Amino acid sequence: MGGILDAVTQSLAGLRPVLLTVDDDPSISRAVARDLRRRYGEHHRIVRAESGEHALEALRELILRGDQVAVLLADYRMPGMTGIEFLEQAMDLYPAARRVLLTAYADTGAAIDAINVVDLDHYLLKPWDPPEEKLYPVVDALLDAWRTADHTPVTETRVVGHRWSARSHEVRDFLARNQIAYRWYLADEPDGRRLLDAAGTDGLRLPVVVAPGGETLIEPSDAELAERVGLSTVPSADFYDVVVIGGGPAGLGAAVYAASEGLRTVLVERTATGGQAGQSSRIENYLGFPDGVSGSQLTDRARRQATRFGAEVLTTRHAVGLEANGSARSVRFADGSELHAHAVILATGVTYRQLGAPGCGELTSRGVFYGSALTEAANCANEDVYIVGGANSAGQAAVHFAQHARSVTLLVRGPSLEASMSHYLIQQIATLPNVSVRPCTEVVAAHGTEHLDKLELRHIPSGAVETIDASWLFVFIGASPHTGWLDGVVARDDAGFVLSGPDLVVDGRRPPGWTLDRDPYHLETSLPGVFVAGDARADSMKRVASAVGDGAMAVALVHRYLEKP
Ligand SMILES: Cc1cc2nc3c(=O)[nH]c(=O)nc-3n(C[C@H](O)[C@H](O)[C@H](O)COP(=O)(O)OP(=O)(O)OC[C@H]3O[C@@H](n4cnc5c(N)ncnc54)[C@H](O)[C@@H]3O)c2cc1C
C-alpha cells in the first residue's frame with residue numbers, strides 16, 4: 001500500500017480528517033493545498049492530487065487505512081475525468097464527505113447543474129483570493145456540517161464477509177478469541193461494498209480482512225491473519241526448558257508458573273489462547289471473582305501475565321507430533337517445523353462433541369454453533385435461540401443469550417436439569433422469563449440451505465417428532481480430548497484421555513517402555529519428561545481452577561524432573 005498517498009499526503013501521522021484537493025494544473029493544485037494547510041493543517045491532513053484517477057486511488061487507500069475524509073475540492077475542467085465525474089465516484093467511497101467544485105466564471109452553468117448530479121455543497125470561483133474572505137468561510141461551514149455527524153476513524157481490523165459464511169464466522173471467532181478488536185461489515189451492505197471496492201476485489205471470495213495499516217487479505221488462513229494483526233507465531237529459539245502445548249487455563253497456568261520460576265518457556269496454541277474457558281461467557285466459580293469473570297477477560301490477563309514473566313506465547317502453532325530424542329523432547333508442527341525442549345507439558349484440553357443428527361454438519365457455523373456463544377450473541381437479538389445440552393456450559397449460554405434473544409429454549413435429553421447442572425445455574429435460569437426448558441427432547445434433523453431454518457425435535461418417551469422454525473442452534477453436549485495425535489506416544493485411556501502418575505503403575509508394573517528407575521511423577525505421562533495438565537488428563541475435574549492447578553503442579557514436577565530425570 002501507500003504509493004499514491006505517500007506522494008500526495010502532506011502528513012501521514014495521526015488520525016486527522018482529510019481535506020482532499022484535486023486540480024490538474026500543478027501550480028493551482030499547490031496553491032489550494034498551501035492555503036488549506038495554512039488554516040487547517042494543524043487538525044487536518046491535506047491530500048493533493050493532480051488528476052481524478054489519482055485522487056480516487058488516494059481515497060481508496062484512505063478507506064483501507066480507516067481514515068476519514070471531510071471535504072473534497074475538485075477542479076471542474078480536468079482532462080480525462082472532470083471534477084463532476086470525480087465527485088460522483090468519490091461519493092461512492094466517502095458519501096459523507098462535503099463536496100466543492102472549483103470553477104472558472106465561464107463554467108458556473110455546469111457547476112449549477114452539478115448541484116443535482118453530485119449533490120454539490122458549494123462551488124468556488126477561481127481565483128478565490130483572498131482565501132480569508134472566499135475560501136475559508138466556505139470550508140469552515142462545510143467542516144462544521146461534516147462534524148455534526150459521527151465520523152470516528154476506524155483504527156481496528158475490518159472484516160467484510162457474508163452473514164452465513166462458515167469461514168467468515170471462523171475469522172471473526174479467531175480475532176475475538178485472540179482479543180483483536182475488529183469491525184464487521186456485511187458484503188452486501190453499502191459500507192461493506194465500499195471497502196471491497198476500495199480493496200479492488202469483487203467480493204466473490206470472502207471474507208476480506210483489512211488490517212489496521214490498510215493491507216488487504218482475501219480469505220486469509222489463521223496463520224496469515226495472526227501474522228498481520230500482530231500475534232506472535234514464530235519462536236525466537238529452537239530449544240527451551242519447557243514447551244507447553246495448548247493455551248487454555250492449564251497451559252496458561254503452566255506458562256505463568258514456569259516463566260516466573262525462571263524456566264525458558266514457550267507456549268504453543270493452535271488457534272487462540274483461552275481454550276474452552278475463553279469461550280465461557282461468565283465463570284462464576286473461579287476463586288477471587290465473587291461477581292464472576294468472563295472467560296476471555298480471565299484468560300487475556302493470564303496471557304499477559306505469562307508474557308510479562310518472559311514466556312513466549314505463539315498462536316496458530318498446531319502440534320502434530322511428539323518424540324524423544326535422547327534427553328530432548330521434540331514437538332513437530334503441522335507446517336513441518338519443530339521445537340525442542342528438556343520437558344513438555346501437554347495441555348491440549350478437549351474438543352466439542354458434534355451433534356450427529358442429519359443436516360447439523362452441513363449447517364455448522366450457518367446457524368448451528370458449538371460453544372461460540374460469545375461471538376454470535378449480538379446477532380441473535382430478538383430472535384429465538386435453541387440450546388442443546390443440560391450441563392453447566394449450556395446453562396451459562398442460556399443465561400447469556402437471554403440478554404439478547406427473544407426466547408431461549410434449552411433442549412435436554414434427560415427428564416430435568418437437576419442431574420447435570422449446578423444448582424445456582426438452575427435457580428438463575430428459573431428467574432429468566434424468556435428461558436424455558438424442554439426435557440426428554442433430542443434434535444433428530446436440521447434443515448436449511450443457506451442457513452438453518454428448521455429443526456426436527458423428538459420427544460423421547462413418545463417418539464413424536466415435531467418440526468419447528470429455528471435459525472439458531474447452539475450445542476453444548478460435552479467434549480472429547482484432543483489427544484489423537486499422541487497415539488502410540490503416550491498411554492491413554494479408552495476415551496483418549498492421557499494417563500499419568502500412579503494410574504500408569506498397574507499391579508506394581510511400570511508402563512511399557514518406561515526405562516527409569518523410579519515411578520512416573522504425579523502428572524508425568526508414560527514418556528518421561530512429558531507431563532499432562534487440565535482437561536486432557538484422565539480423571540481430571542473439568543474446571544478452570546483445577547486446570548490452572550494442574551498447570552502449576554506440572555511445573556513443580558518439571559523442576560523435579562530437570563533436577564533428577
Ligand atoms: C462454554 C463453557 C463454559 C465453561 N464454564 C466453566 C465455569 O464456569 N467454571 C469452570 O470451572 N469451568 C468451566 N468450563 C470448563 C473449563 O473451561 C475447562 O475445564 C478448562 O478450560 C480446561 O482447560 P484446559 O487448559 O485443560 O483445556 P482447554 O480449555 O480445552 O484448552 C486447550 C487448548 O489447547 C489447544 N490445543 C489443542 N490441541 C492442540 C495442539 N495439538 N496443538 C496446539 N494447541 C492445541 C486448544 O486450541 C485449546 O486452546 C466451561 C467450559 C465451556 C466450554
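How far is the sulfur of Cys 440 from the closest cysteine sulfur, and in which residue does that closest sulfur lie? In this predicted model, the sulfur of Cys 440 is 20 Å from the closest cysteine sulfur, which belongs to Cys 360, and this is too far for a bond. The legends below begin with the whole protein and then turn to separate close-up views.

**Figure 1. Overview of the predicted protein model.** The protein has 565 residues, of which 53% count as buried. Its secondary structure comprises 16 helices and 26 strands. The C-alpha trace spans about 105 × 60 × 40 Å along its principal axes. About 24,600 Å² of surface is accessible, and carbon and sulfur atoms account for 50% of that area. Among contacts between residues at least 6 apart in sequence, 65% join residues that are at least 24 apart.

**Figure 2. The surroundings of Cys 360 and Cys 440, in a structure with 0 disulfides.** Cys 360 takes part in no disulfide, and the cysteine sulfur nearest to its own, that of Cys 380, is 16 Å away. A disulfide requires two cysteine sulfur atoms within 2.5 Å. The sulfur of Cys 440 lies 20 Å from that of Cys 360, so the two are too far apart for a bond. Cys 360 has a relative accessible area of 0% and is therefore buried. Cys 440 is also classed as buried, because its relative accessible area is 18% and the limit for this class is under 20%.

**Figure 3. The span from residue 18 to residue 141, which UniProt annotates as "domain: Response regulatory" in an unreviewed entry.** Helix makes up 48% of this span and strand 22%. The C-alpha atoms at its two ends, in residues 18 and 141, lie 15 Å apart. An open sheet of 5 strands has the order β2-β1-β3-β4-β5, and its pairing is parallel. Strands β2 (45-49) and β5 (122-125) form the edges, each pairing on one side only. On average, neighbouring strands of this sheet are turned by 20° against each other, direction ignored.

**Figure 4. Strand β1 beside strand β2, with helices α2 and α3 lying across the sheet strands.** Strand β1 (residues 18-22) pairs with β2 in the parallel sense, and 5 bridges join the two. Leu 20 has Val 47 in β2 as its bridge partner. Helix α2 (residues 26-40) lies across β1, β2, β3 (69-75) and β4 (98-103), and its direction makes an angle of about 175° with β2. Helix α3 (residues 52-65) lies across β1, β2 and β3, at about 165° to β1.

**Figure 5. Asp 75, listed by UniProt under "modified residue: 4-aspartylphosphate" in an unreviewed entry.** Asp 75 is located in strand β3. Is this residue, Asp 75, buried or exposed? Asp 75 is buried, because its relative accessible area is 4% and the buried class takes values under 20%. Leaving aside residues up to four places away in sequence, Asp 75 touches Val 22, Asp 23, Asp 24, Thr 82, Gly 83, Leu 101, Leu 102 and Lys 126.

**Figure 6. Strand β6 (residues 157-161) and its pairing with strand β7.** In β6, 5 of the 5 residues are buried, so this strand is largely enclosed by the rest of the structure. In a regular strand, side chains alternate between the two faces of the sheet. In β6, Thr 157, Val 159 and Gly 161 point one way, while Arg 158 and Val 160 point the other way. The residues on both sides of β6 are all buried. Strand β7 (residues 182-186) pairs with β6 in the parallel sense over 5 bridges. Trp 184 in β7 is the bridge partner of Val 159.

**Figure 7. An open sheet of 3 strands in the order β21-β22-β23, with antiparallel pairing.** The edge strands, β21 (441-447) and β23 (465-469), each pair on one side only. From one strand to the next, the twist averages 30°. Strands β21 and β22 (residues 454-459) run antiparallel and are joined by 6 bridges. Thr 441 stands opposite His 459 in β22.

Terms used: Residues are numbered from 1 along each chain as its sequence is written. This is a predicted model: local features need pLDDT of at least 70, side-chain atom pairs count only at pLDDT 80 or more; totals for chains, interfaces and linings use all residues. Side-chain values use heavy atoms; hydrogens and water are left out. Buried means under 20% relative accessible area, exposed over 50%, partly exposed in between (1.4 Å probe, protein chains only). Two strands pair if DSSP finds at least two bridges between them. Helices (H or I, at least four residues) and strands (E, at least two) are DSSP runs, numbered from the N terminus. Axes are lines fitted to C-alpha atoms, for helices over the stretch in contact, and angles run from 0 to 180 degrees between N-to-C directions. UniProt positions are given in the numbering used here, feature names are shortened, and annotations may be inferred rather than shown by experiment. Contact means heavy atoms within 4.5 Å. Accessible areas come from the Shrake-Rupley method with a 1.4 Å probe; for residues, only the protein chains shown count as cover.
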